[in-house]
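User: I would like to learn how to read the packing and the empty space of a protein model. Could you take me through one example, step by step?

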Amino acid sequence: MRSTRRARNDPGQYDDLAGEWWRPGSPLSMLYWLARARARLIPPAERDGAVLIDLGCGGGLLAPHIAGKGYRHVGVDLVVSGLEQAAAHGVLPVLADARRLPFPDGTADVVSAGELLEHVPDWPAVVAEACRVLRPGGWLVLDTLADTAVSRLVAVRMAEAIIPAVRGIHDPALFVSPRKLRIECARHGVPLAVRGVRPTLPALTRWLVTRRNAVPIVPTFTTAILYQGRGRKGTQ
């Protein structure tokens, strides 16, 4: 647990929680559930040597859910403690800023940006880089938090009251409008489809009581809180 009070959205909070990435019932369990849901948006590799670049990979939670799909899994993060755990789960770790990726144009068959954009002061720069490193025909998949009052209530005020260990993880000023995100992706050649998602409420209630068993993430009618995006880069 953290020994000093950190500013909101301080990446050092993930060092404080380094022992929680893979622990069943941990405060970071939601990230594991979201990684599993995001993996369902990733198709099997279409060629030998296909590369998946996992932006904000953290402890590598996406790894078990894409195993067997045929990708070389490259994880990018700024937090060394997370990259070390990602490497232990088969991810090739790269210490880098997602706004300035150390990869040539067209490197990746898939770029994943899970629960990342709402942590970046300049999320359009991350989108630009994600689209730049995608090959023509490659897939961008992501999930993030919406820039709405209800999202700030649920994802910050309520979540921090229920799970104090995640207090300060999010800065609600950085949450991302789905409309603006779609516009930005389209500017870089990736038409993005978005849909709202949420944890199933009975399973979430049981988890809050027992801290056992994964909670399914399912589509919902609104993008006002949490949403996924998926888009394929044009071939021309």
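User: Which residues in the largest nonpolar core touch the most other members?

Analyst: Keep in mind that this is a predicted model. As a general idea, nonpolar side chains in soluble globular proteins tend to be buried together. Here the largest nonpolar core holds 35 residues, and those touching the most other members are Ile42, Leu52, Leu62, Ile66, Tyr71, Val110 and Ile217. At least two residues of this core come from each of α2, β5 (134–145), α6 and α8, with α2 giving the largest share, five residues. There is also a second, separate core of 32 residues, which includes Val133, Leu181, Leu192 and Tyr227.

User: With which residues is Tyr71 in contact, leaving aside its neighbours within four places in sequence?

Analyst: Tyr71 is in contact with Ile42, Pro43, Pro44 and Ala45, with Ala50, Val51 and Leu52, and with Asp109 and Val110. Among these partners, Ile42, Leu52 and Val110 are named, like Tyr71 itself, as residues of the largest nonpolar core that touch the most other members.

User: How should I read the empty space, and which residues lie nearest the centre of the largest pocket?

Analyst: Rolling a probe the size of a water molecule over the atoms shows where empty space is left. In this model the largest pocket has about 840 Å³ of space, and of its 34 lining residues Met30, Val154, Ala155, Ala159 and Pro199 lie nearest its centre. α6 (149–162) gives the most to this lining, seven residues, while α2 (29–39), β6 (192–199) and α8 (201–210) each supply at least two. By residue type, the lining of the largest pocket divides into 25 nonpolar, five polar and four charged residues.

User: How many residues line the second largest pocket, and which are the closest to its centre?

Analyst: The second largest pocket has about 600 Å³ of space, and 32 residues line it, the closest to its centre being Gly56, Asp77, Glu115, Leu116 and His119. Its lining draws at least two residues from each of α2, β1 (51–55) and β2 (72–77), and the largest share, four residues, comes from α2. The residues of this lining comprise 20 nonpolar, five polar and seven charged.

User: Does Arg5 count as buried or exposed?

Analyst: Arg5, found in the segment before α1 (12–16), counts as exposed because its relative accessibility is 74%, and the cut-off for exposed is over 50%. Sequence distance and spatial distance should be read separately: Arg5 and Arg167 are 162 residues apart in sequence, yet their C-alpha atoms are 9.8 Å apart in space.

Note on methods. Residues numbered from 1 in each chain as written. Predicted model: local features only at pLDDT ≥ 70, side-chain atom pairs only at ≥ 80, totals over all residues. Heavy atoms only, no water. 1 Å grid on protein atoms, 1.4 Å probe; cavity = no way out; pocket = protein on both sides within 12 Å on 5 of 7 lines; lining within 4 Å. Points joined across faces, edges and corners; volume = space filled by probe spheres on them. Nonpolar A, V, L, I, M, F, W, Y, C, P; charged D, E, K, R; others polar. Buried < 20%, exposed > 50% of the residue type's maximum accessible area, 1.4 Å probe, protein only. Core = buried A, V, L, I, M, F, W, Y, C linked by side-chain atoms within 4.5 Å. Contact = heavy atoms within 4.5 Å.
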